[in-house]
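Here's a quick walk through the fold, with a few helix pairs and some odd backbone angles along the way. Have the viewer open as you read.

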Amino acid sequence: MMFGLTSAHAAGAIAMVMVGLRLEVAPGVTLVDDHMLNGVVLMILVTCIVSTLMTEKAAQEISVDNMQRSNGNPHADALDDSKILLCVKYPDIAPQLFYLATLIRGRQHASEMVALNVVYDGQDSNDEREKGLRLLEQLQQQASAQEVTLKTQVRLASNIANGIKHAFREHGCSEIVMGMHVHTEVTPKFWGEFIQSLYNGLNRQIILARFSQPLSTMRCIQVAVPSRAEYEPGFHRWLERLCLLAGELDCRIQFHGRMESLDKIAHYIDYAHPNVKGHYTPMGHWNELPELATAIPADHMFVVVTARKGTISYKNALDRLPAELTKYYSGRNLMLIFPDQYGHTKEDTMSFTEAQHHEEYSIYDTILQWLRIRR
């Protein structure tokens with residue numbers, strides 16, 4: 001870490017070069033010539049890139065080491081602050097989303113749920129608001145039949161993602177459950193028009209779901225787990241949710257990942273959910289995901305635990321996830337989970353006055369992409 005923080009040379013090198021260009025050691029001859037100037041500029045470029053990469057790598061290693069040294073209870077209750085925000089828009093999938101939210105919430109957990117319909121504040125906002133009210137009324141009837149406390153809200157917003165974020169904070173929710181757009185080809189809108197902005201701007205758990213058949217008919221839940229997922233702050237929350245889902249559906253749950261992660265998962269299930277039928281299959285590398293996706297039957301739910309950029313379990317292969325899922329697992333039962341990144345922090349950094357733009361790619365990603373094209 002110290003090497004990464006101190007190896008970049010920019011300000012001092014520029015100052016010395018500027019002085020050398022003006023310092024004459026002989027008539028018409030300066031201490032620094034153009035060749036030395038070009039070399040210093042090249043040194044600044046190389047050291048700044050190396051410093052950034054080394055610091056990022058060292059930060060991940062320090063985070064992993066701190067998690068390994070932590071003496072905290074690994075089986076902390078992941079439902080202490082549970083309050084699910086259910087984002088609904090389409091009447092054909094809203095009942096399934098509500099059913100999913102009640103299953104992962106657990107029958108014994110009595111906290112209320114919040115159903116939200118965000119309407120774009122445009123010319124058709126009044127008609128869309130009426131449709132949202134009718135949809136939420138149907139969900140309210142479904143909640144009453146299942147004895148679930150459900151709070152509903154139709155919200156006008158000029159930005160759908162920001163509307164969801166503000167509602168999330170106002171209601172003090174712990175996670176989001178929402179549907180995923182269905183696309184037949186690989187497009188930049190795989191996540192939908194606003195989901196990418198949502199998961200980049202919110203550090204709490206987000207669950208995206210897509211259904212091709214009713215949840216009650218699922219025979220197995222197949223889960224792809226990235227390496228080092230056990231070191232993420234939200235590890236126990238998503239694992240608890242999946243265990244509750246498998247228990248409520250009375251189906252098998254099979255995890256695919258590194259042995260280090262599978263051991264942690266097995267330990268948690270044996271301790272907290274001994275009745276859940278868990279199976280564990282080693283997956284040596286994330287590049288095996290396409291092969292895994294093609295082997296999953298139609299009556300299985302495929303769950304992919306992903307990660308935001310800059311987190312411990314993030315890997316470059318996750319950038320190919322939309323294309324791979326569209327190519328190898330199109331039109332099937334799918335769930336994507338973005339875990340918590342800051343544990344049980346109840347306050348988010350987002351506010352009405354702060355900028356909500358988040359860059360998806362850094363300059364280093366652009367450079368790497370350029371080098372691949374040139375190669």
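## Contacts across the chain

Among contacts in the protein chain with a separation of 6 or more, 80% come from residues 24 or more positions apart. Keep in mind that this is a predicted model. The chain has 12 helices and 12 strands, and 47% of its 375 residues count as buried.

For a concrete case of a sequence-distant pair, take Val118 in strand β4 (residues 113–120). Val118 and Leu156 sit 38 residues apart in sequence, with 5.9 Å between their C-alpha atoms. Once neighbours within four places are set aside, the contacts of Val118 are Arg155, Ala157, Ile160, Gly163 and Ile164. Val118 has a relative accessible area of 14%, so it counts as buried.

Val19 gives another pair to look at, this time from helix α2 (residues 11–22). Val19 and Val32 are 13 residues apart along the chain, and their C-alpha atoms are separated by 8.5 Å. Is Val19 buried or exposed? Its relative accessibility is 55%, and the cut-off for exposed is over 50%, so Val19 counts as exposed.

## Helix α8 by itself

Helix α8 covers residues 235–249, which makes 15 residues. At 1.5 Å a residue it should span 21 Å, and the end C-alpha atoms turn out to be 22 Å apart, so the two values agree.

How many of the residues of α8 are buried? The count is 12 of 15, so the helix is mostly covered. The buried set takes in nonpolar side chains, including Phe235, Trp238, Leu239, Leu242 and Leu245. It also has charged members, among them Arg237, Glu240 and Arg241. Just after α8, the backbone takes a positive phi of about 55° at Asp250.

## α8 and its partners

Two packed helices are described by the angle between their axes and the distance between those axes. For α4 and α8, the angle is about 105° and the axes are 7 Å apart. An angle of 65 to 115 degrees counts as roughly perpendicular, so that is the label for α4 against α8. On the α4 side, the contact uses Tyr99, Leu100, Leu103, Ile104 and Arg105, while α8 brings Arg241, Leu244, Leu245, Glu248 and Leu249. Sorted by type, the residues of this contact are seven nonpolar, no polar and three charged.

α8 also packs with helix α9 (residues 259–272), where the axes come within 11 Å and cross at roughly 60°. That makes α8 oblique to α9, and the crossing is right-handed. From α8 the contact takes Phe235, His236, Trp238, Leu239, Glu240 and Cys243, and these meet Lys264, Ile265, Tyr268 and Ile269 of α9. Here the split is seven nonpolar, one polar and two charged.

Arg241 of α8, listed in the contact with α4, is one of the buried residues of the helix. Glu240, listed in the contact with α9, is buried too.

## α4 against α5

Helix α4 (residues 94–105) also packs with helix α5 (residues 125–145), at an angle of about 40° and with the axes 10 Å apart. That makes α4 oblique to α5, and α4 passes α5 in a right-handed crossing. Which residues make the contact? α4 supplies Ala94, Pro95, Phe98 and Tyr99, and α5 supplies Leu135, Leu139, Gln142 and Ala143. They divide into seven nonpolar, one polar and no charged.

Tyr99 is worth a click: this residue of α4 is listed in the contact with α5 and also in the contact with α8.

## Positive phi in two loops

Most residues other than glycine have a negative phi. Glu147 goes the other way, with a positive phi of about 60°. It sits in the loop between α5 and β5 (150–157), and its 75% relative accessibility means that it counts as exposed.

Arg228 is another non-glycine residue with a positive phi, near 70°. Its loop runs between β8 (220–224) and α8. With a relative accessible area of 32%, Arg228 is partly exposed.

Notes. Residues are numbered from 1 along each chain as its sequence is written. Side-chain values use heavy atoms; hydrogens and water are left out. Helices (H or I, at least four residues) and strands (E, at least two) are DSSP runs, numbered from the N terminus. The expected span of a helix is 1.5 Å times one less than its number of residues. Buried means under 20% relative accessible area, exposed over 50%, partly exposed in between (1.4 Å probe, protein chains only). Axes are lines fitted to C-alpha atoms, for helices over the stretch in contact, and angles run from 0 to 180 degrees between N-to-C directions. Angles under 35 degrees count as roughly parallel, over 145 as roughly antiparallel, 65 to 115 as roughly perpendicular and the rest as oblique. A crossing is left-handed if the near helix is turned anticlockwise from the far one by less than a right angle, and right-handed if clockwise. Contact means heavy atoms within 4.5 Å.
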